[in-house]
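Subject: Structure handover

Hello,

Here is the structure you asked about. Please open it first, then read my notes below.

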Amino acid sequence: MLLNMVNMTAIATPPFAVYVHWPFCLSKCPYCDFNSHVRHGGVDEARFVRAFEREIMSSAERTGARAVSSVFFGGGTPSLMQPSSVQAILDAIDKHWGIAAGAEITLEANPSSVEATRFRGYRAAGVNRVSLGVQSLDDAVLKELGRLHTAREALDAVGVARSIFERYSFDLIYARPRQTLAAWEAELKRAIGEAAEHLSLYQLTIEPETQFAGLYAAGKLAIPSEDLARDLYDLTQWICVDAGLPAYEISNHARPGAECRHNLVYWRGHEYAGVGPGAHGRLNTGLQRVATETEKRPESWLMRVEATGTGQTVNETLTPGETADEYLLMGLRLAEGIEPARYLALCGREINPRRVAILHEEGAVEITADGRLRVTQSGFPLLDAVVADLAA
Ligand SMILES: C[S@@+](CC[C@H](N)C(=O)[O-])C[C@H]1O[C@@H](n2cnc3c(N)ncnc32)[C@H](O)[C@@H]1O
Ligand code: SF4
């Protein structure tokens, strides 16, 4: 791909990210509430790709040319796309915005749909990082999670990723039914042996309206108690720190310098455009921050784009208070925390000093030497409560 190098210094200027949502999967996992859909009759991929190109054009007309510092193909299962589709979408992003030299371009892949030839095609299209949904290294667990791959197949997919991409990451889900500390320790250590620079480790969440939510409500799915979940979390932190993969975000671990630059854009409150069904964006217009959202249902999104050039259904200017609270909510997920001065600049008031003092006394937050506010190691398992306490 010929990159239109609109701004060679883009990585040093505030980043601008593009999220591309591919909403289709081979089957629906029982724990998943992402905007993902199964289409047994197949998907008219070429028609969807044309709609992505159109939506990219409209979105770029709005923002003007920007040096895109990262692109993330998420899903759903983007690894079901043909490399030529990924190429066409990246070409459209480059044509209408401009992809900066050295941009991080990630594609999320499901081990059930990993083939070396396709991965080579993604690389030729410009993808330079993949994120694989391994989920577990235990076949019985994978079955219970509704996955279509075995542990061997997942590790083979990691091997393919390793042989083709310089940067790769994979996801595991822990705090699963009947999981013991000893079993997780062995599984995580084995996973680290296969990892390179980055790992995403998510605690199983029972999301409303998923199959797991129904089983849980019916008493047919037992998840670890709060105490065990806490111990599993602590164990995860020790093992990863020991292996040189500390958490830089509550669920994301990396060797220093190997963090996912795209996801940092969300957590640091920078700008990003979202394209595709159900994609969210945050754009800055002057001093205002605008939240955008597109139609979630793939075929409705397609028809909207074909009729109007965009699938956008939400275009809402956030109030200064909402902008500041979002910065707090996202930024406190990071080990580096947030800048209280930026919060003040965004909404004209300080983060409640009395609440900060109480949380500090409880050991849940701390102020760093350079004045940042961050959640402590012992505060992280209580992150939702800490954020709820600090947000206005
Ligand atoms: C969009 S999905 C993954 C990409 C790809 N479709 C796959 O499944 O391999 C992103 C990740 O979120 C995590 N995830 C999804 N639902 C979850 C849940 N209910 N609890 C914990 N982690 C979850 C999984 O680890 C998953 O890999
Ligand atoms: S976890 Fe991944 S493969 Fe499973 S339904 Fe969700 S997006 Fe699709």
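How many Å separate a nitrogen atom of ligand 1 from a polar backbone atom of threonine 205? The value is 2.9 Å. Please keep in mind that this is a predicted model.

Ligand 1

The protein buries 92% of ligand 1. Taken alone, the ligand exposes 570 Å². Strands S5 (99-109), S6 (129-135), S7 (167-174) and S8 (198-203) each give two or more residues to the shell around ligand 1.

That shell holds 18 residues. The ones that come nearest are Gly76, Gln135, Arg147, Asp171 and Thr205. Sorted by class, the shell has six nonpolar, eight polar and four charged residues.

Two other polar pairs are worth finding on screen. Glutamine 135 uses its side chain: an N or O atom there is 2.7 Å from an oxygen atom of ligand 1. Glycine 76 uses its backbone: a polar atom there is 2.8 Å from a nitrogen atom of ligand 1.

Glycine 76

Stay with this residue for a moment. Glycine 76 sits in the loop between strand S4 (68-75) and H2. Its bond to glycine 75 is a cis peptide bond, with omega about 15°. In general, most peptide bonds are trans.

Ligand 2

Glycine 76 also appears in the list of residues around ligand 2. So does Arg147. The rest of that list is Cys25, Ser27, Lys28, Cys29, Tyr31, Cys32, Ser36, Thr77 and Asn110. By class, this shell divides into four nonpolar, five polar and two charged residues.

Helices H1 and H2

Now look at the helix pair. Two packed helices are described by the angle between their axes and the distance between the axes. Helix H1 covers residues 45-63, and helix H2 covers residues 83-96. Their axes come within 9 Å and cross at roughly 15°. Angles under 35 degrees count as roughly parallel, so H1 is roughly parallel to H2. The crossing of H1 and H2 is right-handed.

Arginine 178

One last residue to check. Where is arginine 178? Look in the loop between S7 and helix H6 (181-194). Its phi is near 60°, a positive value in a residue other than glycine. Most residues other than glycine have a negative phi.

Best wishes

How values were computed. Residues are numbered from 1 along each chain as its sequence is written. Chains are lettered from A and ligands numbered from 1 in the order in which they are written. This is a predicted model: local features need pLDDT of at least 70, side-chain atom pairs count only at pLDDT 80 or more; totals for chains, interfaces and linings use all residues. Side-chain values use heavy atoms; hydrogens and water are left out. A residue is near a molecule or strand if one of its heavy atoms lies within 4 Å of it. A polar contact is a pair of N or O atoms within 3.5 Å; within protein, one must be able to donate a hydrogen and the other to accept it, and residues adjacent in sequence count only if both atoms are side-chain atoms. Accessible areas come from the Shrake-Rupley method with a 1.4 Å probe; for residues, only the protein chains shown count as cover. Helices (H or I, at least four residues) and strands (E, at least two) are DSSP runs, numbered from the N terminus. Ala, Val, Leu, Ile, Met, Phe, Trp, Tyr, Cys and Pro count as nonpolar, Asp, Glu, Lys and Arg as charged, and the others, Gly among them, as polar. Axes are lines fitted to C-alpha atoms, for helices over the stretch in contact, and angles run from 0 to 180 degrees between N-to-C directions. Angles under 35 degrees count as roughly parallel, over 145 as roughly antiparallel, 65 to 115 as roughly perpendicular and the rest as oblique. A crossing is left-handed if the near helix is turned anticlockwise from the far one by less than a right angle, and right-handed if clockwise.
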